[in-house]
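User: Hi! Could you walk me through this fold? I'll put the structure up first.
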Amino acid sequence: MNQRIVVVSASFGAGHDGVATELTRRLTARGRRVERHDFVDLVPGRLGRVLRAGYHRQLTAAPRTWGWLLAAAGAGAGTAARLTALADQALLDAIGPGTAAVVSTYPLASQALGRLRAQGRIAAPVCTYLTDLSVHPLWIHPGVDVHIGLHDDAARQAKELGAADVRVTAPAVGPGFRAAPRPDGTGDPRALIVAGAWGVGSIERAAADVAATGAAVPVVVCGRNDRLRRRVERQGDAVTLGWVDDMPALMRGCDVVVQNAGGLSSLEALTAGLPVLTYRCIPGHGRTNAEVLDRIGWVPWIRDRAGLAGGLRRAMTGPPRFDPAPARAEDVILELAG
């Protein structure tokens with residue numbers, strides 16, 4: 001029972017790390033010793049930080065090119081193998097002997113771990129936690145023992161891409177995101193606009209569009225993007241916030257969440273019983289996540305300004321449809337760890 005579990009995440013935004021933090025908390029509470037590693041730090045030299053900075057610039061300066069690159073990467077398994085091979089020795093050193101299981105919450109880490117596992121260089125079973133509802137090919141490697149998906153639709157996608165063993169669990173979100181009473185109805189409804197830790201996407205336009213509907217007052221979380229915060233403040237049509245430490249409390253004070261990437265914030269809001277809409281989604285994974293979330297009925301995708309007012313009002317008149325699986329990700333990991 002003293003064998004440790006190694007979790008490999010990546011500081012590309014906050015979504016991958018957020019899941020890793022919650023899995024670490026849950027596994028630790030179950031008596032396991034957990035060690036976490038950032039894939040950015042496992043790549044030699046400054047390459048990991050260069051990749052992270054490039055991804056950040058691409059999302060903020062030329063987001064459409066990120067969609068093109070993500071599509072091309074689906075056919076670039078050889079490039080991914082060469083890139084992730086640079087982290088092989090650091091991964092092997094991080095895992096070492098006495099490890100009961102390895103968990104990845106980042107696709108390139110999953111590629112590296114799956115390859116090392118298939119080569120017999122990692123003895124511990126490997127699990128990938130799919131943080132997105134849309135499954136990109138880079139998430140899947142046949143050497144990974146178990147893939148965890150957050151819906152039957154994600155499990156289907158993973159299996160079609162070659163995953164042999166896929167388990168469906170509820171999202172791993174923090175304990176603060178539990179269903180709570182909705183606002184009491186006094187005052188104007190509030191639409192919480194989220195854009196991840198980096199504050200990416202057409203946030204100013206989304207805030208202006210929400211304000212123009214008259215259906216809700218936009219409350220914009222700009223994350224660590226101070227320039228975005230200043231731009232939204234100059235518009236004068238929204239409440240603006242920077243980095244928020246207590247997101248559960250903020251969500252409890254709002255009536256609906258408007259998001260653009262389909263990531264962890266969406267799942268946190270749904271778990272808290274808050275309706276969520278997708279609007280002005282970012283290219284790449286933002287668009288593919290929007291398609292899946294809309295298809296399964298969890299998060300309607302509002303595709304244009306004309307549908308925004310009606311979408312907001314419909315969302316705020318009833319509870320969201322959110323039917324997560326009863327299984328929990330930590331139980332799957334502990335079973336794998338023996």
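User: Which strands does helix α7 lie across?
Analyst: Happy to help! Keep in mind that this is a predicted model. Helix α7, residues 107-118, lies across β1, β3 and β4. Its direction is at about 140° to β3.

User: And what does helix α1 lie across?
Analyst: Helix α1 covers residues 15-29 and lies across β1 (4-9), β2, β3 (99-104) and β4 (126-129). Relative to β2, helix α1 runs at about 170°.

User: Nice. What's the strand order in the sheet?
Analyst: The order is β2-β1-β3-β4-β5-β6, an open sheet of six strands with parallel pairing. At the edges sit β2 (34-38) and β6 (166-168), each of which pairs on one side only.

User: How much are neighbouring strands turned against each other?
Analyst: On average by 25°, with direction ignored.

User: Back to β6 for a second. How many bridges does β6 share with β5?
Analyst: Three bridges, in the parallel sense, link β6 to strand β5, which spans residues 146-149. One residue pair there: I148 has R167 in β6 as its bridge partner.

User: Changing topic: where does E204 sit?
Analyst: E204 belongs to helix α9, which runs over residues 203-213.

User: Is E204 buried or exposed?
Analyst: E204 counts as buried, because its relative accessible area is 17% and the cut-off for buried is under 20%.

User: And which residues does E204 touch further along the sequence?
Analyst: Leaving aside residues up to four places away in sequence, E204 touches L228, R231, V232 and Q235.

Notes: Residues are numbered from 1 along each chain as its sequence is written. This is a predicted model: local features need pLDDT of at least 70, side-chain atom pairs count only at pLDDT 80 or more; totals for chains, interfaces and linings use all residues. Side-chain values use heavy atoms; hydrogens and water are left out. Helices (H or I, at least four residues) and strands (E, at least two) are DSSP runs, numbered from the N terminus. Buried means under 20% relative accessible area, exposed over 50%, partly exposed in between (1.4 Å probe, protein chains only). Contact means heavy atoms within 4.5 Å. Two strands pair if DSSP finds at least two bridges between them. Axes are lines fitted to C-alpha atoms, for helices over the stretch in contact, and angles run from 0 to 180 degrees between N-to-C directions.
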